[in-house]
Every structure is written in structure tokens, then in C-alpha cells.
Amino acid sequence: MNYIIFGGSGFIGTHLIHLLKSECLKANDKIYDLDIVMPGEEGVVPGVVEKNEGVEYIRLDVRKPFDFDFNCTQNDIIFNLAAVHRTPGHRDYEYFETNIKGAENVTAFAEKHNIKKILFTSSIAPYGPGENKKDETTLPTPESAYGISKLVAEKIHEKWQVQDKNRELTIVRPGIVYGKGEHGNMTRLYKGQKGHYFVYTGRKDTIKASIYVKELCLFFKYRMIDNNFPGCDLYNCTFEPAYNIQQICEAMQKATGMKRHIPLIPGGLLMTAARVLGPIGGKKVGIHPARVKKLMVSTNINGLKLSKSGYKFHYTLEESFKDWFKDCKEEGLF
């Protein structure tokens with residue numbers, strides 16, 4: 001069988017390939033990493049330079065119709081991870097171009113080769129901002145180009161699935177995904193605490209739904225490889241209940257042996273500083289208006305459906321930080 005990973009050179013894809021190689025590959029199985037960038041190039045997971053032996057790397061742009069030569073089997077699985085996702089960081093049309101056209105071209109490829117299993121990584125962005133708890137039945141009200149593009153991409157994948165009742169589609173909406181190579185929110189949070197410049201922005205109880213990247217990939221394996229679930233299903237992928245920023249900081253400090261006092265600063269004062277410092281380099285340390293605003297608004301995502309799905313979590317919050325720390329030779333979280 002073939003494991004066909006669109007966007008496999010990115011953060012999640014790199015971890016997924018490692019899991020597939022270590023736990024899933026059998027004789028004659030193949031892994032395909034189809035991405036616009038290759039390991040070691042700018043734009044992929046920092047520190048990942050070498051290509052994995054036994055993985056076929058094909059440079060491919062999902063924004064354009066594509067095909068490639070491979071020996072198709074009836075058990076092939078597509079993992080569609082390809083996306084433009086960082087916010088802020090891109091112009092609106094870039095989210096639509098990659099996320100929507102990519103969904104159309106990936107499902108057209110699956111249609112052509114009669115591939116019946118797709119896992120699509122969406123986002124919690126389609127829910128839109130707000131403090132209220134959101135589950136899979138919540139009406140999506142995205143306010144960003146990214147959130148809108150991801151919601152449309154979900155519908156494109158759903159359209160592909162309903163055309164054949166034997167097709168299997170799993171859509172995941174992960175919270176903050178963290179782990180080695182993330183270089184995003186959790187990495188900045190660790191560096192901010194270690195460097196004594198992270199502060200609580202107006203409150204300590206801001207909920208930040210999150211999931212460890214290895215946990216997310218293990219759920220992929222459970223849904224797509226270990227079991228068969230014909231039809232379409234949507235899962236929020238996050239700890240249940242979701243942790244708040246203070247709980248995350250305390251677990252991170254405990255797991256890495258760090259002791260820091262984190263002051264509480266009025267949100268308005270920090271936003272003013274972000275507006276002044278952001279244009280002159282504040283973005284590098286997270287002092288950017290969009291990121292400060294993110295810290296003050298909860299991502300209150302309900303993971304109850306996942307917790308009752310039959311999948312058993314392998315890591316607690318603290319254990320996930322310890323495992324990440326170990327992966328970095330206990331030199332930090334990066």
C-alpha cells in the first residue's frame with residue numbers, strides 16, 4: 001500500500017513520516033512526500049536536513065493540477081496536510097489559493113486513482129474567535145481568510161466523500177500543535193519564560209486548546225491505518241478539557257526544570273507596547289499586536305468527541321513536554 005502525504009515536509013508531516021516508518025511500514029509499502037519544498041530547504045522544519053531513507057520525495061505544487069507515477073493499490077491512504085497556515089504572515093489570496101485549490105486538486109487526484117481514504121488537517125480557525133466553548137456541532141463563523149479557506153476546503157473534501165459511500169474521510173481540527181520543530185506558539189512561550197520576557201496579558205485563565213504532535217499523528221494512525229471508518233467524520237483534536245495558559249506554563253516549567261515567576265500585565269498596556277515595538281522587531285519575541293491579541297482570547301475547543309472515540313491518549317500535558325524536552329537532548333524546547 002501507499003501512504004501519500006501532501007505537505008509531508010512540514011512540521012506535522014515530518015513527525016507522521018517518522019511514525020509510519022517506525023510502526024507501520026510492511027514489505028512493499030511506500031511513503032510519498034509531495035511538497036513544494038524538500039527537507040533542508042527554507043520553509044520546512046528547521047533542523048530537518050536529511051531525507052528519510054525509503055521515502056520518495058516529489059516536488060509538487062498542490063495549487064496546480066498534478067499527477068505522478070506510482071503503483072496504486074486498493075488500500076492507499078492520502079494525508080492532506082498541505083496548507084498555508086501561519087497568521088499573521090500571508091496575504092489573503094495566498095490562503096485561498098493554496099487551501100482551496102489544493103483541496104480541489106488532491107480530491108481530483110484521489111478520484112482519478114480510486115483512492116478511498118483521505119485524512120484532511122483543517123483547523124480550529126473555522127469556528128471564529130470567541131470565549132464560548134465550541135464542539136463539532138458549533139456553527140462555523142470564521143472571520144479570517146485562513147479560517148474561511150479551511151472551511152471551504154473541508155466542504156470540498158466532503159463533496160468527494162459523499163460521491164461514494166465506501167469512501168472514508170476524516171477531518172481533524174487541531175488546537176495548537178506543538179513538539180520538536182514547531183517553532184511557533186509553544187516554542188515562543190518556552191523562550192519567553194526562559195528569557196524572562198513572557199508575561200500574562202491581562203489574565204491567567206485564557207484557554208489554549210492544544211495537542212502534542214506525536215499524539216496527533218498517533219490519532220491519524222488509529223483512524224486511517226488501525227481501523228476502517230467509512231463515511232465522513234470531524235474531530236476537534238485537543239486535550240479534554242483544554243488547558244489554560246497558566247496550566248500550560250506550569251507544566252512546561254515542571255517538565256523542563258525551569259522556575260520562573262510570570263508577572264501579570266494589563267492587556268491594554270501590552271497592546272500599546274506591541275503597536276510601538278511590532279514594526280521595529282517586536283515580532284521576533286512575540287511582541288506583535290496580532291500575537292498579543294491571540295494571548296488574550298481563548299481558543300476554548302471541546303475535545304470530548306475525541307476522548308470518547310475509542311482512541312486512548314498516550315501523553316498527559318506534562319509528559320508531552322518531557323518527551324519534547326528529551327527529543328531536544330534536554331537543551332530546551334525547539
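**Note on a predicted model: sheet, cores and aromatic contacts**

1. Start at helix α10. The residue that follows α10 is Lys-329, and its phi is positive, near 60 degrees. Keep in mind throughout that this is a predicted model. The helix itself spans residues 317-327.

2. Which residues of α10 are buried? They are Leu-317, Ser-320, Phe-321, Asp-323, Trp-324 and Phe-325. The spacing can be read against helix geometry. An α-helix has 3.6 residues a turn, so residues three or four places apart point the same way. The cover over the buried residues of α10 includes two strands, β8 (176-178) and β10. It also includes the helices α4 (185-194), α5 (213-224) and α6 (245-256).

3. Take Phe-321 from that list. Beyond its neighbours within four places in sequence, Phe-321 is in contact with Tyr-178, Met-186 and Leu-333. Its contacts also include Ile-248, Ala-251, Met-252 and Ala-255. Phe-321 is among the members of the largest nonpolar core that touch the most other members. The others named there are Ile-12, Phe-79, Met-186 and Phe-220. This core has 56 residues. Helix α5 gives the largest share of the core, eight residues. A second, separate core has 26 residues, including Leu-34, Ile-78, Leu-169 and Ile-171.

4. Now the sheet. Seven strands form an open sheet, in the order β3-β2-β1-β4-β5-β7-β11, with parallel pairing. Why do β3 and β11 each have one side without a neighbour in the sheet? Both stand at the edges, β3 at residues 55-59 and β11 at 231-237, and each has a single partner strand, so one side stays free of a neighbour in the sheet. On average, neighbouring strands are turned by 15 degrees against each other, direction ignored.

5. Look at β4 in this sheet. Strand β1 (residues 2-6) is joined to β4 (residues 77-80) by four bridges, and the two run parallel. Ile-5 has Phe-79 as its bridge partner in β4. Three bridges join β4 to β5, again in parallel. There, Phe-79 stands opposite Leu-119.

6. Is β4 covered on one face or both? Both faces are covered. Ile-77 and Phe-79 are buried on one side, and Ile-78 and Asn-80 are buried on the other. Two helices that pack on the sheet touch β4. Helix α2 (residues 92-112) touches β1, β4 and β5, and its direction makes about 175 degrees with that of β4. Helix α3 (residues 145-162) touches β4, β5, β7 (168-174) and β11. The direction of α3 makes about 165 degrees with that of β7.

7. Three buried residues deserve a check by eye. Thr-121 lies in strand β5 (residues 117-121). Thr-121 counts as buried because its relative accessibility is 6%, against a limit of 20%. Outside its sequence neighbours up to four places away, Thr-121 touches Asn-80, Leu-81, Lys-150, Val-172 and Phe-220.

8. The second is Cys-217, in helix α5. Its relative accessible area is 2%, so Cys-217 is buried. Cys-217 is in contact with Ile-12, His-15, Leu-16 and Leu-19, leaving aside neighbours within four places in sequence. Cys-217 and Leu-19 are 198 residues apart in sequence. In space, their C-alpha atoms are 7.3 Å apart.

9. The third is Thr-256, in helix α6. Thr-256 is buried, with a relative accessible area of 13%. Not counting residues up to four places away in sequence, Thr-256 touches Tyr-190, Phe-325 and Leu-333. Of these, Phe-325 is also one of the buried residues of α10.

10. Last, the aromatic rings. With ring centres within 6.5 Å as the cut-off, the count comes to 24 aromatic pairs. One is Tyr-212 with Tyr-315: the centres are 5.0 Å apart and the planes stand at 85 degrees, so the pair is edge-to-face. Tyr-212 is in strand β10 (residues 210-212), and Tyr-315 is in the loop between α9 (304-307) and α10, so the pair ties together parts 103 residues apart in sequence. Tyr-212 is buried, at 1% relative accessible area.

11. One aromatic cluster is formed by Phe-219, Tyr-222, Phe-229, Tyr-235, Phe-239, Tyr-243, Tyr-311 and Phe-313. Arg-223 lies over the face of Phe-229, at 4.0 Å from the ring centre. Arg-173 lies over the face of Tyr-127, at 4.6 Å from the ring centre.

Note on methods: Residues are numbered from 1 along each chain as its sequence is written. This is a predicted model: local features need pLDDT of at least 70, side-chain atom pairs count only at pLDDT 80 or more; totals for chains, interfaces and linings use all residues. Side-chain values use heavy atoms; hydrogens and water are left out. Rings of Phe, Tyr and Trp (its six-membered ring) pair if their centres lie within 6.5 Å; planes under 30 degrees apart count as stacked, over 60 as edge-to-face and the rest as tilted. Buried means under 20% relative accessible area, exposed over 50%, partly exposed in between (1.4 Å probe, protein chains only). A charge sits over a ring if NZ of Lys or CZ of Arg is within 6 Å of the ring centre and within 35 degrees of the ring normal. Contact means heavy atoms within 4.5 Å. A nonpolar core is a set of buried Ala, Val, Leu, Ile, Met, Phe, Trp, Tyr and Cys residues joined through side-chain atoms within 4.5 Å. Two strands pair if DSSP finds at least two bridges between them. Axes are lines fitted to C-alpha atoms, for helices over the stretch in contact, and angles run from 0 to 180 degrees between N-to-C directions.
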